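Reader: I should be grateful for a close examination of one part of this model, namely the surroundings of a single residue in the nonpolar core. Please then set that part in the context of the whole chain.

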Amino acid sequence: MKFKKGDVPWNKGLTKNTDPRVKKASEKLMGNTCSKGRTLTEVHKKRVGDAMRGREITWGDKISKTLIGAYVGENSSQWKGGITIFNHKIRGLPEYRQWVKDVFRRDSWICQKCGQKGGNLNAHHIICIAEIILENKLKSIKDALNCKQLWRIDNGLTLCKECHKLERKK
């Protein structure tokens with residue numbers, strides 16, 4: 001069976017939209033105009049681009065920090081010395097996956113808070129990885145592999161997804 005063979009498409013023969021309002025709106029979206037229809041200068045476009053990238057920008061004598069740049073990296077209240085990427089590297093190790101399996105096996109794949117068996121389970125660190133990294137001054141993967149505190153099974157709990165969210169909020 002051939003589906004709709006020979007049917008004419010609904011828009012066959014229709015001309016493109018020639019409404020001047022539609023043309024003006026598309027030019028505004030695609031061109032170098034702002035929301036009020038004014039053409040942006042190259043200097044203005046550069047300042048807007050710098051602001052969007054979180055850089056310090058100068059307006060005459062003043063230096064202005066944007067909200068994006070003011071609270072990123074070392075300026076953030078949650079800055080921990082750049083350990084996040086290292087934390088992710090540790091979580092990608094086969095030893096970490098083995099630690100998770102060992103925690104699940106020890107707890108018989110049962111959530112230790114609500115008692116749910118199986119399903120979407122997470123292995124939760126009682127002392128979080130970031131704290132262990134800071135306490136033991138870990139700098140490399142080799143240091144992490146040799147750190148016994150990081151791989152202790154008694155530092156882990158099996159939690160269901162919902163209980164893990166609640167535990168992480170504490």
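Author: Leaving aside neighbours within four places in sequence, Ile 90 is in contact with Tyr 96, Ile 129, Ile 133, Ile 141, Ala 144, Leu 150 and Trp 151. The model in which these contacts occur is a predicted one.

Ile 90 belongs to the largest nonpolar core, a set of 22 residues. Within this core, the residues with the most contacts are Ile 90, Trp 99, Leu 150 and Trp 151. Two of these, Leu 150 and Trp 151, also appear among the contacts of Ile 90 listed above. At least two core residues are supplied by each of H4, H5, E3, H6 and strand E4, the last of which spans 156-160. The greatest contribution is that of H5, which gives five residues to this core.

The largest pocket encloses about 730 Å³ of space. Its lining comprises 28 residues, and those closest to the pocket centre are Asn 87, Arg 91, Cys 128, Ile 129 and Arg 168. Ile 129, one of these five, is also a contact of Ile 90. Two or more lining residues come from each of helix H4 (84-91), helix H5 (94-106), strand E3 (121-125), helix H6 (129-136) and helix H8 (161-169). Here the largest share belongs to E3, with five residues, whereas in the core H5 gives the most. By character, the lining of the largest pocket divides into 11 nonpolar, 11 polar and six charged residues.

The cysteines may be considered next. The structure holds zero disulfides. Cys 111 has as its nearest cysteine sulfur that of Cys 114, at 3.6 Å, and is in no disulfide; a pair would have to lie within 2.5 Å to count as one. Cys 111 counts as buried because its relative accessibility is 3%, the limit for that class being under 20%. Cys 147 likewise counts as buried, since its relative accessibility is 8%.

As to the chain as a whole, the protein chain has eight helices and four strands. Along the sequence, these elements follow the pattern α-α-β-β-α-α-α-β-α-α-β-α. Of the 170 residues in the protein chain, 24% are buried. Among contacts between residues at least 6 apart in sequence, 59% join residues at least 24 apart. The contacts of Ile 90 include residues such as Ile 141, Leu 150 and Trp 151.

Conventions. Residues are numbered from 1 along each chain as its sequence is written. This is a predicted model: local features need pLDDT of at least 70, side-chain atom pairs count only at pLDDT 80 or more; totals for chains, interfaces and linings use all residues. Side-chain values use heavy atoms; hydrogens and water are left out. Buried means under 20% relative accessible area, exposed over 50%, partly exposed in between (1.4 Å probe, protein chains only). On a 1 Å grid over the protein atoms alone, a cavity is a set of points where a 1.4 Å probe fits but cannot get out, and a pocket is an open set with protein on both sides within 12 Å along at least five of seven lines; lining residues have an atom within 4 Å of a point. Grid points are joined across faces, edges and corners, and a volume is the space filled by probe spheres set on the points. Ala, Val, Leu, Ile, Met, Phe, Trp, Tyr, Cys and Pro count as nonpolar, Asp, Glu, Lys and Arg as charged, and the others, Gly among them, as polar. A nonpolar core is a set of buried Ala, Val, Leu, Ile, Met, Phe, Trp, Tyr and Cys residues joined through side-chain atoms within 4.5 Å. Contact means heavy atoms within 4.5 Å.
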